[in-house]
Amino acid sequence: MLAYIVQRLIWLPVLLILISLVTFALGLYGPGDPVQVMMGLHTNPQIVEQVRQEYGFDQPFLVQYWNYITNALQGNFGYSLVKYQGQRVSDLIAKRLPITLQLNLVAILWSVPLGIALGIFAALKRKSWLDVFVRGVVILGISLPVIGLMPVLDFALSRKHELGALVIGPFLPPGGWRGIFAPHIIQPAFILGLGLLAVYTRQTRAAMIEVMSADYVRTARAKGLKEWMVVMRHALRNAWIPLITIIGFTLAGLFAGSFLVEQFYSIPGIGALAYESLLSKEYYVIMAFTLIAATVYVIINLIIDIAYAFVDPRIRYK
Amino acid sequence: MGNVLLDVRNLRTEFVTQDGVVHAVNGVTFALEEGETLGLVGESGSGKSVSMLTVMRLIPMPPGRIPSGEVIFQGQDLLKLSPEEMRQIRGNKIAMVFQDPMTSLNPVLTISTQITESLELHLGMSKDKARKRAVELLKMVNIPEAERRLDDYPHQFSGGMRQRVMIAMGLSCSPQLLIADEPTTALDVTIQAQITDIVKRLKSELGMAIIWITHDLGVIAGLADRINVMYSGYIVETAHTKEMFANPLHPYTVGLLGSIPRLDEGKKEKLTPIEGLPPDLVNMPTGCPFHDRCSFRTQKCLEENPPLMSVGVKHWSACWNYEAVREKRDEILHREILQPVTA
């Protein structure tokens, strides 16, 4: 077990170096010149050149990379060049990230447990009306695009405004962020969770159906175990193995999964920050965002691998 | 011997599928005495496993259904019990060991958990007591270093050891009846012998009745007191083991015996396969289900399905032409004429 984790950990820095190299190269050689963006198009070329030297953009790639990485490791990801001029990128991210994390957390907390529970019930009551209903919800949840659902939901709720302003009024998000306990979080968290609900229900149902027809479940029944023991002890523990993968990616999505929703509801999270930075060519912000997102994914992957070993003894004792 | 432990009467099991109703078990009747060992022999799809899963009420319903039959176990009809009452019998009074030990043990639970859970549930043992009993059980099936192996997972055991663990699990609550569904089929021949030896020893020590399902007559020759031969959901012949080998009176049994390799035969003698395929269980032919593959076939076989007829001492065969089988079979089996066992 320990050897397995150590083996995984050795690969972690190698992967991170590769990711940062690719990210940095894309930022440096990708479209758009940060200096041009900063100075505007009609600037004296001499001044542009001067600024370029000042910022170190004239140095060789590896020197620039080294400087960037050593700074980044100390928490300095550079400064905003345009929109939030002069602000540290790390401050920007530190301010925005908690909002996204909270929003996503609320979405995950209502949808993932519900999805897993629905998936289990649908699998156990296969082909019953409950199963048919759940499958219908799943298909809707997967096929309705968030971008279409948001205005429709908003519109539907606003139309009823005259009827029950007191009831529905607080649930209409007028935009902005008022913390995790404000009712304004309900609509974006609902929209965000819908897709998760669908995915978790479907995956859990599929995993449970497969596991429930396994030979060892028949053995468990032949032993005269109570049905809940068969399901919770013998079946569900095996169903976790495929579920862990999507749980990992959902957790990774905590960080970056809500671009559209944040944009639509004017929630100043990190998704909105990344989107704004993209539009205004915020060189350092985008690079930092990409780097952090990729790092989060790599670390989550590591956690998934370790979690597999915890759930499945066949991996643990290899 | 004497008391009837399990009395199965006219048991039928069907499965509703998209292609139609599969008639898996078609009116099986037999009785098993306490401490008796019964061999249930037949090829794949002959209904031997399904009939026993029906006795255990482990048939998924739907698609399965049991249109008729009684399964009287210790005076109770198992088919009439509530699911909860049946659950208390399963693993406690009737235990079952399955074919493939690789997939029949739960890969994510320790052997200890898998053995002790039924002890705690059925016998109300404490965790400590159940653990001690589990060690005893593992020793009983010759698992070396039982205490140490208790917390291992199934993948850390070899196939033969896993099957022994399965048997230990089956015997944990000292059942009156152990149903073994081809427990040696997935194992090497030497391991097969180990398993049958262990079961034989445990049977003499513990005295439970056994139903041993197999497609291999050779495996149960030294094990079973009596043999039921099944074909397409029917019992086609039943007799005591010695009588069955000496005096088979159904063409299908003769065919099965002909396909066992024999050490005392010259190399030139080929095994005699049974030509053809078993009938489609959805569209069962009229008459005898075996008529299509039978060399003794007469017009009557096409028209009427033979019932089990008494053909000797505690010997029944479902063949209209069993007299002809008696005359010809030794020629077919390339063997000296054996005298039928008397009484």
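Student: Which residues of helix 5 of chain A meet helix 6 of chain A?

Tutor: In this predicted model, A:L118, A:F121 and A:A122 are the residues on the helix 5 side, and they meet A:L130, A:D131, A:V134 and A:R135 of helix 6 of chain A.

Student: How many nonpolar, polar and charged residues does that contact have?

Tutor: The contact of helix 5 with helix 6 of chain A has five nonpolar and two charged residues, and no polar ones.

Student: At what angle do helix 5 and helix 6 of chain A pack?

Tutor: Helix 5, residues 89–124, and helix 6, residues 129–143, of chain A pack at about 135°, and their axes are 8 Å apart. The two helices of chain A are therefore oblique to each other.

Student: Is the crossing of helix 5 and helix 6 of chain A left-handed or right-handed?

Tutor: Helix 5 of chain A passes helix 6 of chain A in a left-handed crossing.

Student: Moving to the whole chain, into which domains is chain A divided?

Tutor: Chain A has domain 1, covering 2–73, and domain 2, covering 97–316. The centres of these two domains of chain A, taken over C-alpha atoms, are separated by 34 Å.

Student: How many residues of each domain of chain A are in contact with the other?

Tutor: Domain 1 of chain A contributes 15 residues, and domain 2 of chain A contributes 13 residues. On the domain 1 side, helix 1 (2–29) and helix 2 (34–39) of chain A each supply at least two residues. The largest share of that side comes from helix 1 of chain A, with 11 residues. By class, the domain 1 side of this contact in chain A has 10 nonpolar, four polar and one charged residues.

Student: And chain B, what are its domains?

Tutor: Chain B is divided into domain 1 (4–228) and domain 2, which is given as 232–265 + 279–332. The C-alpha centres of the two domains of chain B lie 28 Å apart. In their contact, 22 residues of domain 1 of chain B touch 16 residues of domain 2 of chain B.

Student: Which element gives the largest share of the domain 1 side in chain B?

Tutor: Strand 2 of chain B does, with nine residues. Elements of chain B that each supply at least two residues to that side are strand 2 (20–33), helix 9 (217–220) and strand 9 (226–231). By class, the domain 1 side of this contact in chain B has 11 nonpolar, eight polar and three charged residues.

Student: What is the strand order of the open sheet in chain B?

Tutor: The open sheet of chain B has four strands in the order 2-1-4-5, with antiparallel pairing. Its edge strands are strand 2 and strand 5 (76–77) of chain B, each of which pairs on one side only. Strand 4, residues 64–73, and strand 5 of chain B pair over two bridges in the antiparallel sense. B:I72 stands opposite B:D77 in strand 5 of chain B.

Student: Which strands of chain B does helix 1 of chain B touch?

Tutor: Helix 1 of chain B, residues 48–55, packs on the sheet and touches strand 1 (4–17), strand 2 and strand 4 of chain B. The direction of helix 1 makes about 110° with that of strand 1 of chain B.

Student: Finally, how many residues does the contact take from each chain?

Tutor: Chain B provides 25 residues and chain A provides 19 residues. On the chain B side, helix 2 (83–89), helix 3 (101–104) and helix 4 (111–122) of chain B each supply at least two residues, and helix 4 of chain B gives the most, with four residues. By class, the side of chain B that touches chain A has 11 nonpolar, 10 polar and four charged residues.

Methods
Residues are numbered from 1 along each chain as its sequence is written. Chains are lettered from A and ligands numbered from 1 in the order in which they are written. This is a predicted model: local features need pLDDT of at least 70, side-chain atom pairs count only at pLDDT 80 or more; totals for chains, interfaces and linings use all residues. Two residues are in contact if their C-beta atoms, placed from the backbone, lie within 7 Å. Ala, Val, Leu, Ile, Met, Phe, Trp, Tyr, Cys and Pro count as nonpolar, Asp, Glu, Lys and Arg as charged, and the others, Gly among them, as polar. Domain bounds come from an automatic or database domain assignment. Axes are lines fitted to C-alpha atoms, for helices over the stretch in contact, and angles run from 0 to 180 degrees between N-to-C directions. Angles under 35 degrees count as roughly parallel, over 145 as roughly antiparallel, 65 to 115 as roughly perpendicular and the rest as oblique. A crossing is left-handed if the near helix is turned anticlockwise from the far one by less than a right angle, and right-handed if clockwise. Two strands pair if DSSP finds at least two bridges between them.
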